[in-house]
Amino acid sequence: MKIFSTQLQGKFQSIMDQEEEFEDAARLAVQAVRGLGRLWVAGSPSAHAIALALAGHPDAPEGTTAIVPSPETEALAEVDRLFLIIHPDEQEDMLSFIRTCENSETPLIIFTQDDARINELLGPLNCHISAPSADPVIPDENGERYGYPFDLSAMFAGQLLYLYIKELSDELE
């Protein structure tokens with residue numbers, strides 16, 4: 001378990017090193033939560049439970065709501081902001097939903113690994129927080145690996161985003 005803990009600390013540190021990205025994302029989100037919009041949270045299929053947990057988190061801005069991403073999603077508007085968590089194995093599947101958000105001019109805060117196809121779709125108003133590798137981190141005796149860190153990394157990134165939003169909101173009062 002020490003290996004997992006050590007590896008997880010490294011993943012968390014790589015997330016924390018993106019201070020500028022979190023500040024930009026918080027500014028983007030505050031425009032909605034202190035304005036006429038709301039903050040939505042969505043996850044790719046395997047990250048949906050994370051989105052639900054973050055939407056109901058005690059530090060979530062008031063009115064934060066989870067949605068299931070779909071190209072038919074029409075609840076989003078220009079005044080809203082979407083925190084979208086995408087598991088790296090599901091990036092391809094989420095491209096059409098990202099296009100839907102871009103077409104509705106809903107600014108996005110995306111947490112996933114760097115991907116040229118996703119970055120190409122994102123407009124200048126969007127924020128990308130780079131997820132560390134989602135590969136398992138603990139080797140077993142057969143050379144296989146287990147201990148997947150993505151879910152914990154996504155929860156950590158969401159919690160940090162909420163703390164940045166609160167800090168910025170407090171400064172504006």
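The exercises below work through a predicted model of one protein, from overall form to single residues.

Residues are numbered from 1 along each chain as its sequence is written. Because the model is predicted, local features need pLDDT of at least 70 and side-chain atom pairs count only at pLDDT 80 or more, while totals for chains, interfaces and linings use all residues, and side-chain values use heavy atoms, with hydrogens and water left out.

**Exercise 1. Describe the secondary structure and the overall dimensions of the protein.**

Step 1. The protein has 6 helices and 7 strands, where helices (H or I, at least four residues) and strands (E, at least two) are DSSP runs numbered from the N terminus. In sequence order, these elements give the pattern α-α-β-α-β-β-α-β-α-β-β-β-α.

Step 2. The radius of gyration is 16 Å, close to the 16 Å given by the globule rule for 173 residues, so the protein is as compact as a globular protein of that length. This radius is taken over C-alpha atoms, and the globule rule is 2.2 Å times the number of residues to the power 0.38.

Step 3. The C-alpha trace spans about 55 × 35 × 25 Å along its principal axes, and 49% of the 173 residues count as buried. Here buried means under 20% relative accessible area, exposed means over 50%, and partly exposed lies in between (1.4 Å probe, protein chains only).

**Exercise 2. Locate Phe22 and Ala42, and decide for each whether the residue is buried or exposed.**

Step 1. Phe22 is found in helix H2, and with a relative accessible area of 1% Phe22 is buried. The C-alpha atom of Phe22 is separated by 8.8 Å from that of Ala157, although their positions lie 135 residues apart along the chain.

Step 2. Ala42 belongs to strand E1, residues 39-43, and its relative accessible area of 0% makes Ala42 buried. From Ala42 to Ser70 the C-alpha distance is 9.8 Å, for a sequence separation of 28 residues.

**Exercise 3. How many salt bridges are counted, and which elements hold the pairs Arg27 with Asp24, Glu92 with Arg117, and Asp170 with Lys166?**

Step 1. Side chains of opposite charge can pair when their charged atoms come close. The criterion used is a side-chain nitrogen of Lys or Arg within 4 Å of a carboxyl oxygen of Asp or Glu, and by this rule the count comes to 4 salt bridges.

Step 2. Arg27 is bridged to Asp24, with the closest N and O atoms 2.4 Å apart. Both residues lie in helix H2, 3 residues apart, which is about one turn of the helix. Arg27 is partly exposed at 43% relative accessibility, and Asp24 is also partly exposed, at 30%.

Step 3. Glu92 and Arg117 meet in a salt bridge at 2.1 Å, N to O. Glu92 lies in helix H4 and Arg117 in helix H5 (residues 116-121), so this pair ties together parts that are 25 residues apart in sequence. Glu92 is partly exposed at 48%, as is Arg117 at 37%. A network of salt bridges links Glu92, Asp115 and Arg117.

Step 4. Asp170 and Lys166 form a salt bridge at 2.9 Å, N to O. These two residues are 4 residues apart in helix H6, and are therefore separated by about one helical turn. Asp170 is partly exposed, with 39% relative accessible area, and Lys166 is partly exposed at 48%.

**Exercise 4. Which residues form the negative surface patch, and which element gives the most to it?**

Step 1. Patches are made of residues with over 30% relative accessible area and no salt bridge, with like charges joined within 9 Å and nonpolar side chains (Val, Leu, Ile, Met, Phe, Trp, Tyr) within 5 Å. The negative patch consists of Glu19, Glu20, Glu21, Glu167 and Glu171.

Step 2. Helix H2 (19-33) and helix H6 (150-172) are the elements that give two or more residues to the patch, and H2 gives the most, with 3 residues.

Step 3. Glu171 is found in helix H6, and at 58% relative accessibility Glu171 counts as exposed.

**Exercise 5. Where does Glu105 lie, and what is its phi?**

Step 1. Glu105 lies in the loop between helix H4 (91-103) and strand E4 (108-112).

Step 2. Phi of Glu105 is near 60°, a positive value in a residue other than glycine. As background, most residues other than glycine have a negative phi.

Definitions and conventions:
Accessible areas come from the Shrake-Rupley method with a 1.4 Å probe; for residues, only the protein chains shown count as cover. Lys and Arg count as positive and Asp and Glu as negative; His and the chain ends are not counted. The place of a charge is taken as NZ of Lys, CZ of Arg, CG of Asp or CD of Glu.
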